[in-house]
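Work through the exercises below with the sequence and the structure open. Each task is followed by a solution in steps.

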Amino acid sequence: MPTSEQAPTGQAPTGQATTDPHSAEDATADHVSRPPMVKVALPNKGALAEEAAALMEEAGYRIGRSGKALRVIDRAESVEFLFLRPRDIAIYVGSGVIDLGITGRDLTTDSGAPVDEVLALGFGQAEFRLAAPVGSGFALTNGCRIATSYDGLLGRYLAERGVEAEVIHLDGAVELAPSLGVADAVADVVQSGRTMADAGLELIGEPLLASEAVLITQRGRKPDEAARVMVERLRGVVVAAEYLMVEYDLPAELMAEATAVAPGMEGVTVTPLAREGWVAIRVMVAKAEANVVMDSLSRIGAKAILASDLRTCRL
């Protein structure tokens, strides 16, 4: 289990995480050859922080962050986790001083940092939207005033469309700008849109960007072995979350019909049962389709149909 227990000075038990800020250097004191530490940036707070840490734990990494520790080292996996402001992560990763990072696509795009998106992580979904006072008839035209905390993202969007608008930077609570006469509209990241509605604003047009948590690396960077392993582990957790393992019993003569309904990724697993002429079948099914598939299998004649979550996989 992950632990945040402080180890004796400069050392942590093998397989445990430590929050000692000097432990990376001290770890070499015993002159034991170790692979280079992979540096990974995680959000230190905000909506993405908890889920990013949970994803790493599910992928087999020990974080065990204590309080507001800025770094945690997983010695067993040779990974150093650094907890940074979500808005700064792309800058650090783009500079090359950190190997991998998790942050929002909106923040990555806004930063303009030279990074590549390695993997979409399936949480933290939101949209970057324009909003204006209800009934204002706002249109995205030259001279309009738009308040935002995402100058880079909005600026590029406007430039791509040849619109010369005035971008007004605000660090927060941008939804108040129109009512105070500071701007004609706002551009911000929204999930449900409730905050905008409560401020008397309505969403305008289509989303400027669909955002979610993403794993990023420096543009063009080739991962070393430890970084490659981390990417594949995370991919395994993300993909597994989209599938269920469906198991059922069936008369052998109905196998062709059943496997046509649920063929699996690369076929199904078939096991003979003690009951004469019956088999047990296991197959991966997309979670979004699972109930329909189970209904179809039941109609065919399958029995004891069960579905269970997958925690991780390698495909």
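**Exercise 1. Salt bridges**

How many salt bridges does a search of the whole structure find?

Solution. The model is predicted. The search of the whole structure gives 17 salt bridges.

**Exercise 2. Two bridges that involve helix α4**

Find the salt-bridge partners of R87 and E117, then classify each side chain by burial.

Solution.
1. R87 pairs with D110, with the closest N and O atoms 2.8 Å apart.
2. R87 lies in helix α3 (residues 86–95) and D110 in helix α4 (residues 105–111), 23 residues apart.
3. Buried means under 20% relative accessible area. D110 has 12%, so D110 counts as buried. R87, at 28%, is partly exposed.
4. E117 forms a salt bridge with R105, at 2.8 Å from N to O.
5. E117 belongs to strand β6 (residues 115–120), while R105 is in helix α4, twelve residues away.
6. R105 has a relative accessible area of 18% and is buried. E117 is partly exposed at 42%.

**Exercise 3. An open sheet**

In what order do the four strands of the open sheet run, and which stand at the edges?

Solution.
1. The order is β14-β15-β13-β16, with antiparallel pairing.
2. β14 (269–272) and β16 (303–309) are the edge strands. Each has a single partner strand, so one side of each lacks a neighbour in the sheet.
3. Neighbouring strands are turned by 20° against each other on average, direction ignored.
4. Take β14 and β15 (residues 278–286): they pair over four bridges. P272 has V279 in β15 as its bridge partner.
5. Edge strand β16 also carries D309, whose salt-bridge partner K287 sits in the loop between β15 and α9 (290–300). The N to O distance is 4.0 Å.
6. Exposed means over 50% relative accessible area. D309 has 60%, so D309 is exposed. K287 is partly exposed at 37%.

**Exercise 4. Nonpolar core and surface**

Which element gives the most residues to the largest nonpolar core?

Solution.
1. The core has 27 residues. Among those with the most contacts inside it are V40, F81 and M230.
2. Elements giving two or more residues include β2 (38–43), α2 (49–58) and α7 (225–240).
3. α7 gives the most, with six residues.

Now turn to the surface. Which residues make the nonpolar patch of about 280 Å²?

Solution.
1. The patch consists of L176, L180 and V182.
2. V182 is in the loop between β9 (166–169) and β10 (185–190).
3. Its relative accessible area of 35% makes V182 partly exposed.

Technical notes
Residues numbered from 1 in each chain as written. Predicted model: local features only at pLDDT ≥ 70, side-chain atom pairs only at ≥ 80, totals over all residues. Heavy atoms only, no water. Patch = residues over 30% accessible without salt bridge, like charges linked within 9 Å, V, L, I, M, F, W, Y side chains within 5 Å. Areas by Shrake-Rupley, 256 points an atom, 1.4 Å probe, with all protein chains shown as cover. Buried < 20%, exposed > 50% of the residue type's maximum accessible area, 1.4 Å probe, protein only. Pairing = 2+ DSSP bridges. Axes fitted to C-alpha atoms, helices over the stretch in contact; angles between N-to-C directions. Core = buried A, V, L, I, M, F, W, Y, C linked by side-chain atoms within 4.5 Å.
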